[in-house]
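Here are some exercises to try with the structure open beside you. Have a go at each task before you read its solution.

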Amino acid sequence: MASPSRSPITAQACWTVEPGHAEIREESLPPLADGEVRVRTLHTGVSRGTEGLVFRGEVPASESQRMRAPFQQGDFPGPVKYGYVNVGVVEAGPSDLLGRTVFCLYPHQTVYQVPASAVIPLPAGVPAARAVLAANLETAMNALWDAAPRLGDRIAVVGGGTLGLLVAWLAARLPGCEVQVVDTEAGRADVARALGAGFSLPDSARADADLVVHTSGQGAGLATALRLAAFEATVLELSWYGTRAISVPLGEAFHSQRLTLKSSQVGHVATPQRGRWSHRRRLELALSLLTDPALDRLITHSAPFHELPAVLERLSTGAADTLCHRIDYPN
């Protein structure tokens, strides 16, 4: 193990102080303990859906414990240090990790210390800047494990955000499957096609889908998903609404079509895989799949770390042109 510096280490971290307001705070790191690594952050990613709910103070009290991120500090609604998409370089710790670029489920912070077991080295061919997609890709993988699509299925993905597009990218690689992304933003068409999927606006989307995955986070999107589902098809709900109540049209053809509305959430490994797959193995697989340069199309915006509070505010109120927003750190 490398000898840790005796000088105090000061870090800067982003905290949601109260709903709608974030700020950068300084903190001092303790001496590095045996079995820990110190990581200097290169990039973090903003998870728009979940972090938007946290920033707006929309985490239900009933979910406050289940919603905790692995290295979260503070409690909802704030002050809370939240986030789980961090890519950095190990600058102190066990010799086999020194200098390695790693992924960790850590919040937005310039430098941090965690057990060595909490970091995963990036595979060869995966750039650090692209690795911020790992958490969303892990969620997309888990969703398809939950959905269990079959060869040749017609698959609709309603919601062309980062998560929906990653679901479409994975599904389009299943032999014989026809995948269509459905979104209200026509500008998502080029990205969908670059990832191997078709595209449609909601009013002209193809019906009779064998599987529909909903990721839009809007009640209207869920209504579209139910409308597109074929007889005895499954609609997989990936959106999480926090404290918002939405209207779900369970009249019309829901019963006569014998539809299944099923939830999927990344906190647990999907049931079909749970007996054999750990969270770490699942995340390692997600990282290994990020070698495709086409995925860079999903990272549409970037900003320096000191602008993160303003970025969170902007993303929480809309920013329809943004897919994945990467945060870059000074070196």
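We call a residue buried when its relative accessible area is under 20%, exposed when it is over 50%, and partly exposed in between (1.4 Å probe, protein chains only). You're looking at a predicted model, where local features need pLDDT of at least 70 and side-chain atom pairs count only at pLDDT 80 or more, while totals for chains, interfaces and linings use all residues. Residues are numbered from 1 along each chain as its sequence is written, and side-chain values use heavy atoms, with hydrogens and water left out.

**Exercise 1: confidence**

Find out what pLDDT the protein chain averages, and where the pLDDT is below 50.

Solution. Start with the score itself: pLDDT is the predictor's confidence in each residue, from 0 to 100. The chain averages 95, and 98% of the residues score at least 70. Next, look at residues 1-5, where the pLDDT is below 50. Beyond near neighbours in sequence, that stretch still has 13 contacts in the model (contact means heavy atoms within 4.5 Å).

**Exercise 2: the overall build**

Work out how many helices and strands the protein chain has, and what its radius of gyration is.

Solution. First, count the DSSP runs: helices are H or I runs of at least four residues, strands are E runs of at least two, and both are numbered from the N terminus. That gives seven helices and 17 strands. Second, take the radius of gyration over C-alpha atoms and compare it with the globule rule, 2.2 Å times the number of residues to the power 0.38. The chain comes out at 20 Å, close to the 20 Å the rule gives for 331 residues, so it is as compact as a globular protein of that length. Third, check the inside: buried residues make up 52% of the 331 residues. Finally, among contacts between residues at least 6 apart in sequence, 67% join residues at least 24 apart.

**Exercise 3: a helix and its surroundings**

Decide which residues of helix α5 are buried, and which strands they pack against.

Solution. Locate α5 at residues 219-228. Going along it, you'll find Gly219, Gly221, Leu222, Thr224, Ala225, Leu226 and Leu228 buried. That's seven of the 10 residues, so the helix is largely enclosed by the rest of the structure. Now look outwards: the buried residues of α5 pack against β10 (154-158), β11 (178-182), β13 (209-214), β14 (229-237) and β15 (260-263).

**Exercise 4: two loop residues**

Say whether Gln109 and Glu58 are buried or exposed.

Solution. Gln109 sits in the loop between β7 (101-104) and β8 (111-115). Its relative accessible area is 0%, so Gln109 is buried. Leaving aside neighbours within four places in sequence, its contacts include Ala11, Glu27, Lys81 and Tyr329. Glu58 lies in the loop between α1 (48-56) and β4 (73-74). At 16%, Glu58 counts as buried too. With the same neighbours left aside, Glu58 is in contact with Leu53, Gly242, Thr243 and Arg244.

**Exercise 5: backbone oddities**

Identify which residues are joined by a cis peptide bond, and what phi Asp208 and Glu232 have.

Solution. Remember the usual pattern: most residues other than glycine have a negative phi, and most peptide bonds are trans. One cis bond joins Phe76 and Pro77, with omega about 5 degrees. Another joins Gly78 and Pro79, with omega about 0 degrees. Pro77 is in the loop between β4 and β5 (80-81), and Pro79 is found between β4 and β5 as well. Now for phi: Asp208 has a positive value of about 60 degrees although it is not a glycine. Asp208 is in the loop between β12 (198-200) and β13, and its 45% relative accessibility makes it partly exposed. Glu232 also has a positive phi of about 60 degrees, but its place is in strand β14. At 44%, Glu232 is partly exposed.
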